[in-house]
Amino acid sequence: MSCYGCSGNKCKSRRWLSLASNPSPEEGIIALVGMPNVGKSVLFNRLTGTYVTVSNYPGTTVEIARGKTQIGNKYVSVIDTPGMYSLIPITEEERVTRDLLLREDISLAIHVVEAKNLGRMLALTFQLLEVGLPLLLAINMIDEAKRMNIAVDSLSLEEKLGIPVVTMSAAKRQGIEQLKMRIASYV
Ligand SMILES: Nc1nc2c(ncn2[C@@H]2O[C@H](COP(=O)(O)OP(=O)(O)OP(=O)(O)O)[C@@H](O)[C@H]2O)c(=O)[nH]1
Ligand SMILES: [Mg+2]
């Protein structure tokens, strides 16, 4: 099969992929959550590409970006939530993220954390687990951790937390396919 954008038969573009695998309609919602500046929006862009809408969360001035990503042969909605420190909200952004997590039918919440500040960020992981959200821990900025000689034992974390744990670098485009493979069992 050839790409309908460039007519090449070795093209790896989205157009070729979407034609080749003939994905079914949208199935499931993934929410990216975590503290500010951990790379949620960079990951959102890596997952969704250009299919994105940005709108105010109802009754607020907080903007929420929604897009779609292809997981296997399905289209899945992805929501980029505003940064939050805790599920007990102080700011309007945190209130919006909490409401969104509790009101929308979330198939999977991806808690994005910074590899070099893992300890500080796991408190929110426990809060998210406590409210019963299906959860995946995405340990981002692994490139920075490696540079600082910080090792992350994701297998041991996975065992202890009882949820999938993925190490990645959204900025360096590392670990995205592995993340998608782990998402697949939730959608
Ligand atoms: N080194 C490195 N930097 C990254 C990585 N991912 C994101 N960043 C950088 O981290 C900064 C914050 O990224 P954002 O995606 O805006 O973070 P966010 O979590 O959406 O932040 P809020 O929207 O404020 O909650 C940016 O300067 C990114 O370039 C990564 O894997 N490695
Ligand atoms: Mg952001």
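**Entry 1: the chain as a whole**

I started with the contacts in the protein chain: taking those between residues at least 6 apart in sequence, 65% join residues at least 24 apart. I am working from a predicted model here. I then looked up burial, and 28% of the 187 residues in the protein chain are buried. For secondary structure I noted seven helices and seven strands. Reading from the N terminus, I wrote the order down as α-β-α-β-β-β-α-β-α-β-α-α-β-α.

**Entry 2: the sheet**

Next I followed the strands. Seven of them make an open sheet, ordered 2-3-4-1-5-6-7, and the pairing is mixed. At the edges I found strand 2 (52-56) and strand 7 (165-167), each of which pairs on one side only. I also looked up the twist: neighbouring strands are turned by 25° against each other on average, ignoring direction.

I checked a few pairs one by one. Strand 1 and strand 4 are parallel and share four bridges. Within that part of the sheet, I saw that Leu-32 has Asp-80 of strand 4 as its bridge partner. Then I asked what packs on the sheet. Helix 3 (residues 92-103) does, touching strand 1, strand 4 and strand 5, and its direction makes about 150° with that of strand 1. Helix 7 (residues 176-183) also packs on the sheet; I listed its contacts as strand 1, strand 3, strand 5, strand 6 and strand 7, with an angle of about 165° to the direction of strand 7.

**Entry 3: strand 6 against strand 2**

Which residues of strand 6 point which way? I found Leu-135, Leu-137 and Ile-139 on one side and Leu-136, Ala-138 and Asn-140 on the other, all of them buried. That fits the count for the strand, where six of six residues are buried. Strand 6 pairs with strand 5 in the parallel sense over six bridges, and I noted Glu-114 standing opposite Asn-140 of strand 6.

How many of the five residues of strand 2 are buried? The count is zero, and I put the strand down as hardly covered. Strand 2 runs antiparallel to strand 3, with five bridges between them. Thr-53 sits opposite Arg-66 of strand 3. The hairpin joining these two strands has six residues between them, and there I found Gly-59 with a positive phi near 80°.

**Entry 4: helix 2 and the ligand**

I went to ligand 1 and counted 18 residues around it, the closest being Gly-39, Ser-41, Gly-83, Ser-169 and Ala-171. Two elements give two or more residues to this shell, helix 2 (40-48) and helix 5 (142-147). The largest share, three residues, comes from helix 2. Sorted by class, I have seven nonpolar, seven polar and four charged residues in the shell.

Since helix 2 came up, I looked at its burial. Lys-40, Leu-43, Phe-44 and Leu-47 are the buried residues. Seen down the helix axis they fall within an arc of 105°, so they line one face of helix 2. I then looked up what they pack against: strand 1 (29-33), strand 3 (63-71), strand 4 (74-80), strand 5 (108-114) and strand 6 (135-140). After the helix comes Gly-49, with a positive phi near 65°.

**Entry 5: Thr-97**

I picked Thr-97 in helix 3 for a closer look. Is Thr-97 buried or exposed? It has 24 C-beta neighbours inside 10 Å, and the cut-off for buried is 20 or more, so I logged Thr-97 as buried. Setting aside neighbours within four places in sequence, Thr-97 is in contact with Val-33, Thr-81, Pro-82 and Met-84. I also noted the C-alpha separation from Thr-97 to Leu-32, which is 9.8 Å for two residues 65 apart along the chain.

**Entry 6: two unusual phi values**

Most residues other than glycine have a negative phi, so I wrote down two that do not. Asn-37 has a positive phi of about 70° and lies in the loop between strand 1 and helix 2. Met-141 has a positive phi of about 60° and is found in the loop between strand 6 and helix 5.

I compared their surroundings. Asn-37 has 10 other C-beta atoms within 10 Å, so Asn-37 goes down as exposed. Met-141 has 24 within that radius, so Met-141 goes down as buried.

Definitions and conventions
Residues numbered from 1 in each chain as written. Chains lettered and ligands numbered in written order. Predicted model: local features only at pLDDT ≥ 70, side-chain atom pairs only at ≥ 80, totals over all residues. Near = placed C-beta within 6 Å. Nonpolar A, V, L, I, M, F, W, Y, C, P; charged D, E, K, R; others polar. Buried ≥ 20, exposed ≤ 12 C-beta atoms within 10 Å, placed from the backbone. Arc of directions from axis to C-beta. Contact = placed C-beta atoms within 7 Å. Pairing = 2+ DSSP bridges. Axes fitted to C-alpha atoms, helices over the stretch in contact; angles between N-to-C directions.
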